[in-house]
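Here's a quick tour for anyone meeting this structure for the first time. Have a look at the model, and then we'll start with one residue and work outwards.

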Amino acid sequence: MNGNKTAKSAAVILTSSLLMAVALAVFTIPNNLIPGGMSSVATTVGYLLKCRVSLVYFVLCVMVAALGIWQLSVKPILKAACIGLGSSVWLALFEGRLPVYTGNTLVAAVAGARAWAWPLA
């Protein structure tokens, strides 16, 4: 039973991080939208430093995970770290390779937010 729960949790983490990365790569980054949270910090720093958002996102996730493990413990941080690190890896694979939508910023914002939040629904 515990193996099924772990497999289901891993599938949710994989799907969630994949959808977050697609939303960033297709909708928010090409339209210069800042979605919020750690991805907004990564997007802003990436624009300012003229580097890939996926790299900044990965570094931030590692820093926050290390701080969380140091202050709390491994267990409460593990899922969040897996989603953050997974999203940054997916984003590195997708950034600049997927077709982007830049036709209408409002549509991009709504579509990006919906793709981002789908795993939470």
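E95 is buried, with a relative accessible area of 15% (buried means under 20% relative accessible area, exposed over 50%, and partly exposed in between, using a 1.4 Å probe and protein chains only). You'll find E95 in the loop between helix 4 (74-94) and helix 5 (105-117). Leaving out residues up to four places away in sequence, E95 touches A25, I29, R52, V53 and S54, where a contact means heavy atoms within 4.5 Å.

A word on the ground rules. This is a predicted model, in which local features need pLDDT of at least 70 and side-chain atom pairs count only at pLDDT 80 or more, while totals for chains, interfaces and linings use all residues. Residues are numbered from 1 along each chain as its sequence is written, and side-chain values use heavy atoms, with hydrogens and water left out.

Now zoom out. The protein chain has 5 helices and 0 strands (helices are DSSP runs of H or I with at least four residues, strands are runs of E with at least two, and both are numbered from the N terminus). The radius of gyration is 15 Å, close to the 14 Å that the globule rule gives for 121 residues, so the protein chain is as compact as a globular protein of that length. That radius is taken over C-alpha atoms, and the rule is 2.2 Å times the number of residues to the power 0.38. The C-alpha trace spans about 45 × 30 × 20 Å along its principal axes. Of the 121 residues in the protein chain, 32% are buried. Among contacts between residues at least 6 apart in sequence, 69% join residues at least 24 apart.

Two loop residues share a backbone quirk: N32 has a positive phi without being a glycine, and so does K50. Here they are side by side:

| Residue | Phi | Loop | Relative accessibility |
|---|---|---|---|
| N32 | near 55° | between helix 1 (2-28) and helix 2 (38-49) | 56%, exposed |
| K50 | near 55° | between helix 2 and helix 3 | 76%, exposed |

What about the surface? L55, F58, V59, V62, M63, V89 and L93 make a nonpolar surface patch of about 610 Å². Helix 3 (53-71) and helix 4 each supply at least two of the patch residues, with the largest share, 5 residues, coming from helix 3. V89 lies in helix 4 and is partly exposed, at a relative accessible area of 45%. Patches are made of residues with over 30% relative accessible area and no salt bridge (a side-chain nitrogen of Lys or Arg within 4 Å of a carboxyl oxygen of Asp or Glu), with nonpolar side chains (Val, Leu, Ile, Met, Phe, Trp, Tyr) joined within 5 Å and like charges within 9 Å. Accessible areas come from the Shrake-Rupley method with a 1.4 Å probe, and for residues only the protein chains shown count as cover.
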